[in-house]
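Biologist: I'm new to this one and would like to learn how to read it. Could you walk me through it, feature by feature?

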Amino acid sequence: MTATVAFDQHHEESRLAQRRADRWLTAGTALMGTYVLGIFGLPLFLRGVLLQRRAQRSGLSVRPVIVTLIGYLVILDAFLNTVGWALDIGASHTLITRVFFTAWGNFFDGGYWWHYNELWIGGSGAPGEKGWEIACILVVFPMRVAAAIAFLQMKRWGHQWLTVTCWFGVVIWVGYIVNMTVYADIRFDSVVLPVIGWWLYDIFYITPFLAIPYLHTVNREIFSD
C-alpha cells in the first residue's frame with residue numbers, strides 16, 4: 001500500500017514539474033514564433049529547459065530534454081514559416097506588410113519585390129511562390145505542429161508523424177531551392193544581397209533536419225500508444 005502511495009505521489013510530482021516547465025517553454029516558443037518578440041521569448045524558453053533539467057536531476061520522471069528541444073524546435077520552425085507566408089497571403093495590402101515585404105525583397109529575395117500584389121491572390125508575384133505557401137500553410141505545417149505536440153506528449157504516433165513531416169521538410173527545402181534557382185533572373189536580380197544574402201537566412205530552415213537522425217535511432221519503446 002505504501003509503495004502504491006509513493007508511486008502515485010512521484011507520478012503527480014513529475015506531472016506537475018513537467019507542466020510547470022511546459023508553461024515557460026510554450027510561452028517562449030510562442031513569442032519567438034512571432035519574429036518581433038523573439039528576443040523576449042528566448043529567456044522564457046531557457047527558463048523552461050532549466051526547470052525540466054532540475055526536475056530530471058531531482059529524480060522525477062519527466063520526458064528527456066532532447067525530446068523537449070526537438071519538439072519545440074519543430075513547432076517554432078512551423079510557426080516562423082507560417083507567420084511570414086500567412087501575412088503575404090492574407091495581409092498583403094496592409095501598409096506594414098507592403099513596406100516590410102518589398103523592403104525584404106529589395107534586400108534579399110526579389111520574389112517579394114517583383115510585381116508585389118499584382119496577382120489575384122495578392123502578395124508575392126514570383127512564379128511558384130504561392131503554390132509553396134498554400135501547400136505548406138494549409139497542409140504541412142499544421143501536420144508538423146500536431147505531430148510535435150503528440151511527440152512532446154510521448155505518443156508513438158507523434159514520433160512516427162514527426163519523422164514523416166521532418167522528411168517532408170527536406171522535400172520542401174529542395175523544391176524551394178529549385179524554384180529559387182529556376183527563376184534566378186527574378187529572385188536574385190537587382191537586390192542588395194542576392195545569392196549569399198539568401199543563404200544567410202535560408203540555412204536556418206534546415207534545423208528540423210537535425211531531428212531526423214534522432215528520430216530514426218531513438219528507442220521507440222519510450223513512446224506510448
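Modeller: Sure, let's start with a charged pair, bearing in mind that this is a predicted model. Arg144 and Asp77 make a salt bridge, with their closest N and O atoms 2.6 Å apart.

Biologist: Where do Arg144 and Asp77 lie?

Modeller: Arg144 belongs to helix H5 (residues 129-152) and Asp77 to helix H3, so the bridge ties together parts 67 residues apart in sequence.

Biologist: Is Arg144 buried or exposed?

Modeller: For that, look at relative accessible area, where buried means under 20%. Arg144 comes in at 3%, so it counts as buried. Asp77 is buried as well, with a value of 8%.

Biologist: How many salt bridges does the count come to?

Modeller: Eight. Another one pairs Asp22 with Arg63, at 2.4 Å from N to O. Asp22 sits in helix H1 (residues 2-32), while Arg63 is in the loop between helix H2 (38-57) and helix H3 (65-90), so this pair links parts 41 residues apart in sequence. Both Asp22 and Arg63 are buried.

Biologist: And what does Asp109 form with Arg187?

Modeller: A salt bridge again, and here the closest N and O atoms are 3.0 Å apart. Asp109 is in the loop between helix H4 (95-107) and H5, and Arg187 is in helix H7 (residues 184-187), so parts 78 residues apart in sequence are tied together. Asp109 and Arg187 are both buried. Salt bridges can also share partners: that is how Asp88, Lys130 and Glu133 are joined into one network.

Biologist: How many positive and negative side chains does the protein have?

Modeller: There are 16 positive and 15 negative ones, and the centres of the two sets lie 13 Å apart.

Biologist: Let's turn to cysteines. How many disulfides does a search of the whole structure find?

Modeller: The general idea first: a disulfide is a covalent bond between the sulfur atoms of two cysteines. In this structure the search finds zero. Take Cys136, which is in no disulfide; its nearest cysteine sulfur, that of Cys166, is 13 Å away.

Biologist: Why is there no bond from Cys166 to Cys136?

Modeller: Because the sulfur of Cys166 is 13 Å from that of Cys136, its closest cysteine sulfur, and that is too far for a bond. As for burial, Cys136 has a relative accessible area of 1% and is buried, and Cys166 also counts as buried, at 0%.

Biologist: Now a single residue, Arg156. Which residues does Arg156 touch?

Modeller: Leaving out residues up to four places away in sequence, Arg156 touches Arg220, Glu221, Phe223, Ser224 and Asp225. Arg156 is found in helix H6 (residues 156-182). Its relative accessible area is 24%, so it is partly exposed. Sequence separation and distance in space are two things to read side by side: Arg156 and Trp120 are 36 residues apart along the chain, and their C-alpha atoms are separated by 42 Å.

Biologist: Zooming out, how many helices and strands are there?

Modeller: The protein has nine helices and zero strands. Its C-alpha trace spans about 75 × 30 × 30 Å along the principal axes. Of the 225 residues, 43% are buried.

Biologist: What share of contacts joins residues at least 24 apart?

Modeller: Among contacts between residues at least 6 apart in sequence, the share is 65%. Finally, the surface: the accessible area comes to about 12,400 Å², with 71% of it belonging to carbon and sulfur atoms.

Methods: Residues numbered from 1 in each chain as written. Predicted model: local features only at pLDDT ≥ 70, side-chain atom pairs only at ≥ 80, totals over all residues. Heavy atoms only, no water. Helix = DSSP H or I, 4+ residues; strand = E, 2+ residues; numbered from the N terminus. Buried < 20%, exposed > 50% of the residue type's maximum accessible area, 1.4 Å probe, protein only. Contact = heavy atoms within 4.5 Å. Areas by Shrake-Rupley, 256 points an atom, 1.4 Å probe, with all protein chains shown as cover. Lys, Arg positive; Asp, Glu negative; His and termini not counted. Charge placed at Lys NZ, Arg CZ, Asp CG, Glu CD. Disulfide = S-S within 2.5 Å. Salt bridge = Lys/Arg side-chain N within 4 Å of Asp/Glu carboxyl O.
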